[in-house]
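Grab a pencil and try each exercise before you peek at the worked solution below it. Keep the structure open while you work.

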Amino acid sequence: MRPLPAALVCAAPLLIAVAAWNPLWLAAATIGAGLLLLAAPPPRRLYAVTAISSGVIVFALNPFVSVQGLTVLWQGPHIPILDTQVTAEELAFGAGAGMRVAASALAVAAFVRLADADLLLRAVARIAPRSAMIAALATRMVPALERDAAGMVTAARTRAARMSSPRTAAGLLGPLLATALERSLGVAEAMEARGYGGPGRTRAPERPPGRRDWALVAVGAAATGLVAAALAAGATGYRYYDTLGDPLQPEAIAGALALAALMAAAAGMVRWLR
Amino acid sequence: MAALSFEAVSYRYPGAEAPALDGIDVRIDPGQLVLLVGSSGSGKSTLLRAALGLVPHFHGGELRGRVTVAGLDTRDHRPAELARHVGLVFQDPEAQLVMGRPDREAAFGLENLGHAPHEIGIRAREALAAVGASPIAHRPISVLSGGEQQRVAIASVLAMGQPILLLDEPTSQLDPVVAEELLGLVVRINRDRGVTVVLAEHRTGRLFAEADRVIAMEDGRITVDASPAVAARALRGAAAWVLPPVTQAFARSGREELPLTVRDARALAPPQPPSPAVTLPEAPVATAIVSGHKQLGDVAALDGVSTGFGAGRVTALIGENGAGKTTLARVACGLLELDRGRLRPAPSRAGYVGQDPAHYLVHDTVADEVAYALRNLGVAAGERERRVGETLEQLELTAFRARHPRDLSSGERQRLAIASVVVMEPELLVLDEPTRGVDGLRKARLVELVRTLAAQGTAVVVVTHDMDFAAEAADVVTSMAAGRVLADRAPRESLASGIFFVSQLGLALGRASLADAVALLTEPRQAARV
């Protein structure tokens with residue numbers, strides 16, 4: 001997919017994740033970003049698992065590191081450093097913070113999987129060839145890392161290693177990185193050998209954007225516009241402490257539903273474009 | 001003006017003790033086709049890199065002497081400038097592909113050289129068609145096989161259309177049919193378009209006679225630089241392993257005449273029909289029998305396959321890229337599960353050496369790498385030390401015992417990967433493309449190794465595109481296509497009577513292996529003496 005529509009549709013949930021606190025808006029952004037990632041080409045699992053587990057960890061930790069809220073739900077034994085008094089406000093704040101983490105990670109992952117890395121490289125190469133080279137190496141590194149990780153696990157398994165052991169798995173990280181760096185050097189050398197960085201670079205003509213691309217731009221722009229307007233109007237805020245505010249404000253419900261609908265439409269179009 | 005010129009060139013990589021190039025003096029004229037031969041680590045790849053200025057501009061190190069490309073001194077011109085005159089296809093396709101799709105990959109170099117946009121698409125498409133990569137032009141490169149990636153890498157350099165073309169083992173990952181097509185294309189480009197070609201290759205069978213010159217290298221020096229016929233005579237002794245198999249057979253049988261092609265060999269010794277009593281050796285106890293189906297994505301990688309691997313046998317799995325060879329081998333090792341069917345009996349201990357030896361380099365020393373599997377198996381320290389020492393000796397790695405694995409050359413890494421698995425003494429050993437980047441001498445040692453392991457009772461499976469290696473090493477040749485086993489045959493039958501998947505000796509003399517060919521060539525003379 002072209003980088004512009006991909007950026008527009010992913011910007012809306014990312015903006016919410018960064019700037020909003022209302023749980024309805026955050027839920028809409030998390031679901032929307034998740035739908036976009038689901039519609040993107042594989043591999044998606046690693047990104048989804050990382051994003052969701054990060055959010056869950058934030059949610060689970062917050063009640064034990066935060067000492068706020070008046071609605072006590074559970075009082076645990078005294079443990080130094082940890083706050084074992086769990087309040088409804090802490091849980092709600094943890095859920096909000098977890099959704100922010102998950103939504104932002106999912107939105108970035110969706111962009112990585114949706115945006116055509118070649119077109120992105122070409123666009124950046126015109127302005128900053130060295131940065132584009134680094135970007136190219138990085139984008140090549142991700143799929144190569146996945147393949148190398150699979151290859152190393154196979155090699156370890158065939159040498160009787162127990163891959164269920166965290167120590168064994170951790171021991172492969174350094175060599176995996178070393179292999180990825182070796183490959184990156186190889187790609188950098190091949191780029192030089194094929195004239196990269198020389199003067200007078202041109203571009204091969206690409207297929208012009210079609211109706212589907214423009215439709216996606218329109219949906220992405222609408223979603224981003226909606227979010228920008230809601231943020232500017234202060235309609236995405238929410239009070240967690242000392243007591244929880246009412247999240248079910250009509251404007252929050254309407255806004256979150258609209259965002260979720262637009263994201264679902266965008267995900268459908270992404271699927272259609274693929 | 002010379003296309004390429006090296007004047008008293010010596011080069012040392014950063015931190016290296018020995019020079020990679022040592023006193024190279026060579027001039028290559030426009031339109032020549034030069035074949036570069038020599039053992040792994042002899043300096044062939046470094047010579048090619050120096051011709052494009054990657055040595056020293058990219059790699060650093062210390063360069064002495066002068067290298068010129070189309071009159072341009074590589075010291076004064078960076079690779080990006082020299083790329084207008086010279087194109088280089090590297091050995092490892094995965095490490096040279098930059099873009100995400102073949103059509104864009106083929107366009108990448110043209111964009112860098114500033115070709116007109118309307119011209120880029122046409123040239124990219126033509127180059128992809130020339131290497132048979134049109135059907136995969138729009139697929140993601142990450143899902144292509146090694147052979148398909150190699151074709152794309154070659155197309156992306158051919159598209160640039162420079163007057164000098166350098167190729168570093170371009171056919172190492174290709175099946176024989178595609179490799180032959182590609183080498184034919186390279187010769188055509190040289191003959192019809194006058195492109196200067198310098199090609200480093202271990203499999204010299206197809207190109208030796210086509211070359212205008214053969215340059216042999218050893219320890220960074222040029223040892224022979226002559227026409228193919230003269231070079232064959234110069235190399236027929238200790239370095240005969242760089243010669244085409246037919247030439248080797250005649251040299252080893254003590255004949256004066258040294259044919260360089262199948263045609264010449266046939267003229268000197270008409271081919272014999274395959275031995276009448278070509279039968280498979282008696283079926284031994286099967287170590288692994290695979291029967292079933294395996295789907296990988298949209299492809300039926302194994303489609304109702306049913307075959308076994310016998311103890312004490314070397315089985316060569318051959319077939320075109322994507323035939324299902326690697327999938328079958330992985331299933332036999334228990335690394336992949338069948339969707340339907342079964343693996344029974346399953347080997348109690350299986351070892352798999354994949355195509356990328358870098359996946360086996362996870363420790364700080366060569367000795368630790370080899371000991372890894374034994375530690376995992378709980379082998380006692382004394383026994384472990386003994387087996388590591390023996391295996392290092394067997395694979396000629398003892399001298400590198402304390403070295404970091406990543407400091408080894410590609411051929412040495414390949415041997416280390418094999419050592420790190422062989423040390424377990426597996427019941428079933430799979431070697432997936434073990435001759436990739438391996439020179440003729442090491443290949444002969446690899447044949448000895450697999451024969452030794454089979455003699456000790458191991459079921460050895462070799463997945464290979466190297467028909468000459470299969471002919472030397474295998475007891476059984478299993479041909480595959482589209483996820484199915486076509487036939488299990490003896491090498492003498494399969495590799496001597498096939499059409500494309502056949503050894504050069506099979507084509508020339510009707511004998512698959514070097515030993516059989518030498519025996520055939522010496523028979524008449526012995527009969528005459530009697």
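**Exercise 1. In what order do the strands of the four-stranded open sheet of chain B lie, and which strands are at its edges?**

Step 1: Read across the sheet, and you get the order β2-β1-β4-β5 in chain B, with antiparallel pairing. Step 2: Look for strands that pair on one side only; these edge strands are β2 (21–28) and β5 (72–73) of chain B. Step 3: Zoom in on one pair: β1 (residues 4–12) of chain B runs antiparallel to β2(B), and five bridges join them. Step 4: Pick a single bridge, where S5(B) has R27(B) in β2(B) as its partner.

Some ground rules before you go on. This is a predicted model, where local features need pLDDT of at least 70, side-chain atom pairs count only at pLDDT 80 or more, and totals for chains, interfaces and linings use all residues. Residues are numbered from 1 along each chain as its sequence is written, while chains are lettered from A and ligands numbered from 1 in the order in which they are written. Helices (H or I, at least four residues) and strands (E, at least two) are DSSP runs, numbered from the N terminus. Two strands pair if DSSP finds at least two bridges between them.

**Exercise 2. What is the mean pLDDT of chain B, and what ipTM and pTM does the model score?**

Step 1: pLDDT is the predictor's confidence in each residue, from 0 to 100. Step 2: For chain B the mean is 90, and 97% of its residues reach 70 or more. Step 3: For the model, ipTM is 0.84 and pTM is 0.82.

**Exercise 3. Describe how helices α1 and α2 of chain A pack.**

Step 1: Two packed helices are described by the angle between their axes and the distance between the axes. Step 2: Here α1 (residues 3–19) and α2 (residues 23–39) of chain A pack at about 145°, with axes 9 Å apart. Axes are lines fitted to C-alpha atoms, for helices over the stretch in contact, and angles run from 0 to 180 degrees between N-to-C directions. Step 3: List who meets whom: V9(A), C10(A), P13(A), I16(A) and A17(A) in α1(A) meet a set in α2(A) that includes W25(A), L26(A) and L36(A). Contact calls for C-beta atoms, placed from the backbone, within 7 Å. Step 4: Sort the contact residues of these two helices into ten nonpolar, one polar and no charged. Ala, Val, Leu, Ile, Met, Phe, Trp, Tyr, Cys and Pro count as nonpolar, Asp, Glu, Lys and Arg as charged, and the others, Gly among them, as polar.

**Exercise 4. Is L4(A) buried, exposed or partly exposed?**

Step 1: Find L4(A) in helix α1 of chain A. Step 2: A residue is buried if 20 or more other C-beta atoms lie within 10 Å of its own, exposed if 12 or fewer, and partly exposed in between, with C-beta atoms placed from the backbone. Step 3: L4(A) has 17 other C-beta atoms within 10 Å, so it's partly exposed.

**Exercise 5. How many residues of helix α4 of chain B are buried, and what do they pack against?**

Step 1: Count along α4 (residues 102–112) of chain B: eleven of its eleven residues are buried. Among them are P102(B), F108(B) and N112(B). Step 2: Their packing partners are α5 (117–127) of chain A, plus α5 (117–130) and α6 (146–158) of chain B. Step 3: Move past the helix to G114(B), which has a positive phi, near 80°.

**Exercise 6. How many residues does each chain bring to the contact between chains A and B?**

Step 1: Chain B brings 53 residues and chain A brings 39. Step 2: On the side of chain B that touches chain A, α4(B) gives the largest share, six residues. Step 3: That side of chain B divides into 30 nonpolar, 14 polar and nine charged residues.

**Exercise 7. Which strands pair with β7 of chain B, and in which sense?**

Step 1: β6 (residues 86–89) of chain B pairs with β7(B) in the parallel sense over four bridges. Step 2: β8 (residues 196–200) of chain B pairs with β7(B) in the parallel sense too, over five bridges. Step 3: Name bridge partners: G87(B) goes with L165(B) in β7(B), and I164(B) goes with T196(B) in β8(B). Step 4: Check burial along β7 (residues 164–168) of chain B, where five of its five residues are buried.

Definitions and conventions: Contact = placed C-beta atoms within 7 Å.
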